[in-house]
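Colleague: Could you take a close look at one part of this model for me, and then walk outward from there to the aromatic rings and the strands?

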Amino acid sequence: MTSLLQKLRKYHASSLRFGWGNPQTLLYKTSFVPLLSHWLAEKMKHTLVAVLLLMQSVIALATTTMTTADLIPDTTVAYLTQPSKMTGDLHTPPKLFANVSGSVDDKGTCQCSVYLPDTTFPVQKAEQLEIIVATLSEKFELELSQVREYSKKIELYQQQILNLTIRVEHMEKSSISYTELDFQLLKVEISDLERLVTQLKSSLVGSNVIVEQIYLEITNLTILVNELESLDKNNVLAIRRQIVSLQNRLKECEESANKTTVPPYFPPGSCVHRGLLNVSQPYIAKLNWRGFSYKYGSWGRDYSPSEPEKEVYWVAPLNTDGRYLEYYRIYSSFDNLLLFKPMYESRIAYGEGSGAALYNNFLYYHAYSSRYMVKHNIKTNTMVLRKELPNAVTGNRFSYAGVSWQDIDFAVDESGLWVIYSTENSMGNIVISKLNETTLDVLNTWQTRQYKPSVSNAFMLCGVLYATRPMSTRKEEIFYMYDTSTGQEGRISVVMDKKLDTIQSIDYNPTDQKLYVYNDGYLLRYDVTFQP
């Protein structure tokens, strides 16, 4: 029994040492499965042999009942377990033969004494052995079932490892790695692209449709990467290709923006171009000569078809009420304007609004609280002509958005003198009239579909009306156009930077092809680029 217990303990210890209880140990040692099966088979053989030997010992012990009828005195009797006189240990090797004394009873039966370990058959120990054998058999069956279960798991894990190995080999051959780090790198690249587009947008003059489209694609790409990170990571390569494409397009845009391209030249007073393309950054000349409180007014350069190169500048701030035009200054050059050296300063009576314009040495303005147009000689400082503009609505009813008392707005371009206003019949929409600069008669009239109070200002260029609207406190957009030669109107988008919130007037000069803007008391000037 002791040998059996030792063998079973040794078997159990071996099972623990080889990691039967830990399937993860066998997960990556798939070659150990055949060795494990062989070892279990050998252990089962040894265990069964030990159990058989134990049962044979019990049977042998049970058959040790002796019949002494045939024994004679002084017969040599073999016994197995005579106690040792020195140690009393039952396991001391016994003497196989001994001479014992015997006697014969009255019936002639020979009697002798034989020393046995116990006087009776060990039934209790046999039962205990039987219970131990049953318990060991149950444990053995349990361990064996666990081994079978672990063997199945090992086969399953072995198949999974094989599948992973195939996938890893495929990824290694295709040089693609889909990890969380890949998505972080993608996000960094997209962030760099977005920052580059933002810088490119700020560096470009006006608007650029291509840059806006690329910026929109980058925004969509950011959303797509976030979705892929949580769903399908196998599209990383496609995203990388899209990023490379965007990088190349951005590089081309950046190179084209950095190139110093000379705009096509068009002679002063010429309209062979196809209209307005863009405007430059504003050149801030200075604050108006009356001070920061005089936020309303107008300024510009005189256009004289007979003397186009002659420089004459005018600045006409309104009074602080933003309505009454009383004083104006004339400068003989732009340098004199910057140095506050006017040729003369004059006072006029009863002008209204910021819609004045200088054309061929005559100042045209709207008479105070009326429909009358006034032609004023700046050299003599006298009113030359006063004429009513038919059907014009006044009284600040249809003035520009954010600019009061500009019901009648004069404009000058290559073809001459214009007036911009509204009528009751037009329901507040912009009306354009071409004027005879000598008589102030209306030569022709066009009615647009653009509501005048919804625009911040307007100007004429080669017979085309351009209207603006505010985008923010520092940006204005030229968004609307009406071509008087064709009667066609449309939408454009040319962004203008400004210094302060409101633009009170815009005047175009055909000689130097610049826009003159009165912006909350500051005098701004823009270069104009035309479409070839």
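Modeller: Sure, and keep in mind that this is a predicted model. Let's start with P308, which sits in the loop between β5 (297–301) and β6 (313–317). Is P308 buried or partly exposed? With a relative accessibility of 29%, P308 comes out as partly exposed, because buried would need a value under 20%. Leaving aside residues up to four places away in sequence, P308 touches R301 and T511. The T511 contact spans a long stretch of sequence: P308 and T511 are 203 residues apart along the chain, yet their C-alpha atoms are separated by 5.9 Å.

Another loop residue worth a look is S270, found between α7 (236–258) and β3 (276–279). S270 has a relative accessibility of 14%, so this one counts as buried. Again not counting residues up to four places away in sequence, the partners S270 touches are E414 and C462.

Now the rings. A pair of aromatic rings is described by how far apart the centres are and by the angle of the planes. The structure holds 14 aromatic pairs. One of them is Y324 with Y368, an edge-to-face arrangement with 5.7 Å centre to centre and 80° between the planes. That pair links distant parts of the chain, since Y324 belongs to strand β7 (residues 324–331) while Y368 lies in the loop between β9 (362–367) and β10 (372–377), 44 residues apart. The two partners fall into separate burial classes: Y324 counts as buried because its relative accessibility is 16%, whereas Y368, with a relative accessible area of 32%, is partly exposed. For a stacked case, take F459 and Y466: their centres are 5.6 Å apart, with 20° between the planes. F459 is buried, and Y466 is buried too.

There is also an aromatic cluster, made up of Y283, W299, Y313, F334 and Y516. From that cluster, F334 has a charged neighbour as well: R525 lies over the face of F334, at 4.1 Å from the ring centre. A lysine does something similar elsewhere, with K452 over the face of Y400 at 4.2 Å from the ring centre.

On to the strands. In general, strands of a sheet pair through backbone hydrogen bonds, either parallel or antiparallel. Here, four strands make an open sheet in the order β12-β13-β14-β15, and the pairing is antiparallel. At the edges you find β12 (409–413) and β15 (442–451), each of which pairs on one side only. From one strand to the next, the twist averages 25°. Inside that sheet, β13 (residues 416–421) and β14 (residues 429–435) run antiparallel and are joined by five bridges. To pin down the register, use Y421, whose bridge partner in β14 is V431.

Last stop is a hairpin formed by β18 and β19, with four residues between the two strands. In its turn, G487 has a positive phi of about 75°. How many bridges join β18 to β19? Eight of them, connecting β18 (residues 475–483) and β19 (residues 488–497) in an antiparallel arrangement. If you want a register check here as well, E476 stands opposite M496 in β19.

Terms used
Residues numbered from 1 in each chain as written. Predicted model: local features only at pLDDT ≥ 70, side-chain atom pairs only at ≥ 80, totals over all residues. Heavy atoms only, no water. Pairing = 2+ DSSP bridges. Phe/Tyr/Trp six-rings, centres within 6.5 Å; stacked < 30°, edge-to-face > 60°. Buried < 20%, exposed > 50% of the residue type's maximum accessible area, 1.4 Å probe, protein only. Lys NZ or Arg CZ within 6 Å of the ring centre and 35° of its normal. Contact = heavy atoms within 4.5 Å. Axes fitted to C-alpha atoms, helices over the stretch in contact; angles between N-to-C directions.
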